[in-house]
Amino acid sequence: SLVALSMILNLPLTDILISSSSKVAGSSFFMRFGKCVKLAKAFVSPGVQKYLDSNAWNSQNFGDVLLHMIANRSLDLTIDQSIGRKEFERKLE
C-alpha cells in the first residue's frame, strides 16, 4: 500500500516509508531509551492459540477482519483501475 500511495501522490518511496524498527540478518530491533534493543521472538502458548482459533475470538473480531478485507479489495481496485497492475508490480520490485 505504501508503493501505491507513493504512485498516487507522485512522490519517491523514500518520502513515504518510515520505519521505527529494522531487520538485520533476520532479527528485529527497535529503539528504546535511545538504544537499539533486540526483540524477543514471538511466542503463543497452546492455551492462547486455542482461544485465537475459537468461535468466540472470531466472533469478537469479525468486524475488524471484514474491514481489513474491504480495505484490501479497495487497494486492489485502485491499483487495477487507477495505477495499472503492470506499472504497480514494476515499482513494487
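The expected span of a helix is 1.5 Å times one less than its number of residues. Keep that yardstick handy for helix H4 in this predicted model: H4 has 22 residues and reaches 30 Å from its first C-alpha to its last, close to the 32 Å expected at 1.5 Å a residue. Around H4, the chain carries five helices and three strands, and this briefing walks through the core, the packing of H4 on H5, and a few residues worth a look.

**Overall layout**

- Read from the N terminus on, the elements of the protein chain follow the order α-β-β-β-α-α-α-α.
- The protein chain has 93 residues, and 12% of them count as buried.
- If you take contacts between residues at least 6 apart in sequence, 30% of them join residues at least 24 apart.

**The largest nonpolar core**

- Six residues form the largest nonpolar core: Val 3, Ala 4, Met 7, Ile 79, Ile 83 and Phe 88.
- Two elements give two or more residues to this core, namely helix H1 (2-9) and helix H4 (62-83).
- H1 supplies the largest share of the core, with three residues.
- Val 3, one of the core residues, touches Leu 13, Phe 88, Lys 91 and Leu 92, leaving aside residues up to four places away in sequence.

**From H4 into H5**

- Just after H4 comes Gly 84, which takes a positive phi of about 105°.
- H4 and helix H5 (residues 85-92) pack at an angle of about 110°, and their axes are 7 Å apart.
- Angles of 65 to 115 degrees count as roughly perpendicular, so H4 is roughly perpendicular to H5.
- On the H4 side, the contact is made by Asp 76, Ile 79, Asp 80 and Ile 83, while H5 brings Arg 85, Glu 87 and Phe 88.
- By type, the residues of this contact of H4 with H5 divide into three nonpolar, no polar and four charged.
- Ile 79, Ile 83 and Phe 88 appear in this contact and also belong to the largest nonpolar core.

**Ser 6 in helix H1**

- Ser 6 lies in helix H1.
- With a relative accessible area of 7%, Ser 6 falls under the 20% limit and is therefore buried.
- Not counting residues up to four places away in sequence, Ser 6 touches Leu 11, Pro 12, Leu 13 and Ile 16.

**The loop between H1 and S1**

- Asn 10 is found in the loop between H1 and strand S1 (21-24).
- Phi of Asn 10 is near 55°, a positive value in a residue other than glycine.
- Asn 10 has a relative accessible area of 69%, which is over 50%, so this residue is exposed.
- Leu 13 also has its place in the loop between H1 and S1.
- At 36% relative accessibility, Leu 13 lies between the 20% and 50% limits and so counts as partly exposed.
- Leaving out residues up to four places away in sequence, Leu 13 touches Leu 2, Val 3 and Ser 6.
- Leu 13 and Leu 92 are 79 residues apart in sequence, yet their C-alpha atoms are 10.0 Å apart in space.
- Val 3 is a handy residue to select here, since among its contacts are both Leu 13 and Leu 92.

Methods: Residues numbered from 1 in each chain as written. Predicted model: local features only at pLDDT ≥ 70, side-chain atom pairs only at ≥ 80, totals over all residues. Heavy atoms only, no water. Core = buried A, V, L, I, M, F, W, Y, C linked by side-chain atoms within 4.5 Å. Buried < 20%, exposed > 50% of the residue type's maximum accessible area, 1.4 Å probe, protein only. Helix = DSSP H or I, 4+ residues; strand = E, 2+ residues; numbered from the N terminus. Contact = heavy atoms within 4.5 Å. Axes fitted to C-alpha atoms, helices over the stretch in contact; angles between N-to-C directions. Parallel < 35°, antiparallel > 145°, perpendicular 65-115°, else oblique. Nonpolar A, V, L, I, M, F, W, Y, C, P; charged D, E, K, R; others polar.
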